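This report examines two topics in one protein structure: enclosed space inside the protein, and bonds between cysteines. Please look over the sequence and the structure before reading on.

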Amino acid sequence: MIRAVESLPVRLTVRDLEPEDLPGLSWSGGPAHLRVVAESWQRTLSEEVVLLCVEAGNGQLVACGGLDLVKEPQAGELWMLSVHEAWQSLGVGTLLIGALEQEAAVRGHRRVQLSVEDDNPRAAALYRRLGYRPAGRREESWPLDDGTLHRTTTTVLRRQL
């Protein structure tokens, strides 16, 4: 007999990301991505960046993301948002974004923004549901594991806090 479980309570904790957490984020990207996260963590020491993770009750990291407080003076910039594939569509991304927005508000920002690649409609739909609205487009790039740069066009989305 197979039984469906309608809900299964799981304790999730949002906390600061620490350097020792990096090995637990291997699901979020390859070595180049983890180097960028490690370099970004150094910026937390000067309070330019906030890095958060979501930890399940068993200690597994299931989401991570950052808030850049200096990239755009008028808005906190959410970036590097990632939810483990097995934990998507369960509210984890919403929890993470809410925590990052709260961090932005505590630091005096009245709005936040993020960018989403054109080929990521699922994320774009989440951001729209959370009240983010289009505010422009931009070209972005980031390093890949093979040493090249991934170049893409993104839509910038903003939300008043």
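The sections below deal with the model, its cavity and its cysteines.

## The model

The structure is a predicted model. The values in this report are therefore computed from that prediction.

## The internal cavity

The count gives one cavity of 30 Å³ or more. The volume of the largest cavity is about 30 Å³.

Seen from within, the largest cavity is bordered by L17, V37, L51, C64, G65, G66 and M80. Strand β3, which spans residues 61–72, contributes the most to this lining, with three residues. Sorted by class, the lining of the largest cavity comprises five nonpolar residues, two polar residues and no charged ones.

## The cysteines

A disulfide is a covalent bond that joins the sulfur atoms of two cysteines. How many disulfides does a search of the whole structure find? The search finds zero.

Why does C53 form no such bond? The closest cysteine sulfur to that of C53 belongs to C64 and lies 7.8 Å away, which is too far for a bond. For comparison, a pair of cysteine sulfur atoms must be within 2.5 Å to be a disulfide. The case of C64 is described in the matching way: its closest cysteine sulfur is in C53, at 7.8 Å, and is too far for a bond.

Both residues can also be described by their accessibility. C53 counts as buried because its relative accessibility is 0%. C64, which is also one of the residues lining the largest cavity, has a relative accessibility of 4% and so counts as buried.

How values were computed. Residues numbered from 1 in each chain as written. Predicted model: local features only at pLDDT ≥ 70, side-chain atom pairs only at ≥ 80, totals over all residues. Heavy atoms only, no water. 1 Å grid on protein atoms, 1.4 Å probe; cavity = no way out; pocket = protein on both sides within 12 Å on 5 of 7 lines; lining within 4 Å. Points joined across faces, edges and corners; volume = space filled by probe spheres on them. Helix = DSSP H or I, 4+ residues; strand = E, 2+ residues; numbered from the N terminus. Nonpolar A, V, L, I, M, F, W, Y, C, P; charged D, E, K, R; others polar. Buried < 20%, exposed > 50% of the residue type's maximum accessible area, 1.4 Å probe, protein only.
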